Amino acid sequence: MAEQPVRIAPSLLSADFFCLERDIREMERAEADLLHIDVMDGHFVPNITIGPLVVQCLKKQTKLPLDVHLMITDPLFFLEAFLDAGADMITVHRETCSDEQIRHAAESVRARGVLLGVSINPATPLQALRSVLDVADMILMMSVNPGFGGQPFIAAVLPKMRELRAAYTKDISIDGGINAQTAGLARAAGATILVAGSYIFGAQDKRAAVRSLRQCSG
Ligand code: DX5
Ligand code: ZN
């Protein structure tokens with residue numbers, strides 16, 4: 001199978017929130033493809049981050065597509081708010097949604113020209129995705145337990161990703177512990193979107209960090 005081009009999605013969670021504009025301009029200059037925004041509710045995951053208000057501000061200030069990752073217990077309740085705020089892709093967790101809810105989410109986002117991602121945690125079996133693969137525009141595989149940046153990559157998700165790649169032709173995103181080493185592993189297993197927070201924002205030369213992810217995975 002011909003290799004699909006990779007897209008790099010810096011995760012804003014590791015940005016300096018006092019200097020968001022500076023950090024986002026840096027991601028634009030670094031030719032990042034997407035801006036990954038981690039939304040956490042302190043319930044599905046033990047952390048609280050940002051909501052639609054911030055997404056709305058970002059939308060006005062950057063042309064980078066906003067890849068909104070909802071790590072929240074009730075994603076459907078907040079779907080319209082994130083659509084109104086200007087999300088370009090919205091990912092819900094399989095662990096938080098029934099089949100019907102995922103289908104409903106797919107219809108709602110598509111009606112607004114937005115893509116739906118479905119995510120699974122490292123411990124969730126691939127089997128859990130089977131009934132929703134047809135409506136997902138992207139699958140996001142967590143390679144850490146969601147909640148925090150800077151955790152080590154869980155390599156045990158790679159066989160799951162290879163199996164998914166064999167059955168699914170659309171985008172597969174990987175999120176958690178991605179750096180110049182793990183990016184190559186994820187890419188070889190079939191990932192087409194690499195989310196990276198601490199590796200990119202922790203680098204002296206962020207542009208070089210984005211480039212290194214693109215290269216080691218191409
Ligand atoms: C974790 C988030 C990730 C996180 C990745 O729950 O979903 O997007 O920011 O951070 P790193 O790349 O540092 O593992
Ligand atoms: Zn994320």
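This report describes the sheet of a predicted model, two helices that pack on the sheet, and the surroundings of Ser143.

The strands form an open sheet of 8 members in the order β1-β8-β7-β6-β5-β4-β3-β2, and their pairing is parallel. At the edges stand β1 (7-10) and β2 (35-40), and because each has a single partner strand, one side of each is left without a neighbour in the sheet. From one strand to the next, the twist averages 25°.

The edge strand β2 runs parallel to β3 (residues 66-71), to which 6 bridges join it, and Met40 has Met71 in β3 standing opposite. Two helices that pack on the sheet are set out below, each with the strands touched and the angle between the helix direction and that of a named strand.

| Helix | Strands touched | Angle between directions |
|---|---|---|
| α2 (residues 52-61) | β2 and β3 | about 170° with β3 |
| α4 (residues 99-111) | β4 (89-93) and β5 (115-120) | about 150° with β5 |

Ser143 lies in the loop between β6 (138-142) and α5 (158-167). Is this residue, Ser143, buried or exposed? Ser143 counts as buried because its relative accessible area is 0%, where the cut-off for that term is under 20%. The side chain of Ser143 reaches the backbone oxygen of Gly176 at 2.7 Å. When neighbours within four places in sequence are left aside, Gly176 also appears among the residues in contact with Ser143, together with Ile174 and Asp175, with Pro152, Phe153, Ile154 and Val157, and with Pro122.

Terms used. Residues are numbered from 1 along each chain as its sequence is written. Chains are lettered from A and ligands numbered from 1 in the order in which they are written. This is a predicted model: local features need pLDDT of at least 70, side-chain atom pairs count only at pLDDT 80 or more; totals for chains, interfaces and linings use all residues. Side-chain values use heavy atoms; hydrogens and water are left out. Helices (H or I, at least four residues) and strands (E, at least two) are DSSP runs, numbered from the N terminus. Buried means under 20% relative accessible area, exposed over 50%, partly exposed in between (1.4 Å probe, protein chains only). A polar contact is a pair of N or O atoms within 3.5 Å; within protein, one must be able to donate a hydrogen and the other to accept it, and residues adjacent in sequence count only if both atoms are side-chain atoms. Contact means heavy atoms within 4.5 Å. Two strands pair if DSSP finds at least two bridges between them. Axes are lines fitted to C-alpha atoms, for helices over the stretch in contact, and angles run from 0 to 180 degrees between N-to-C directions.
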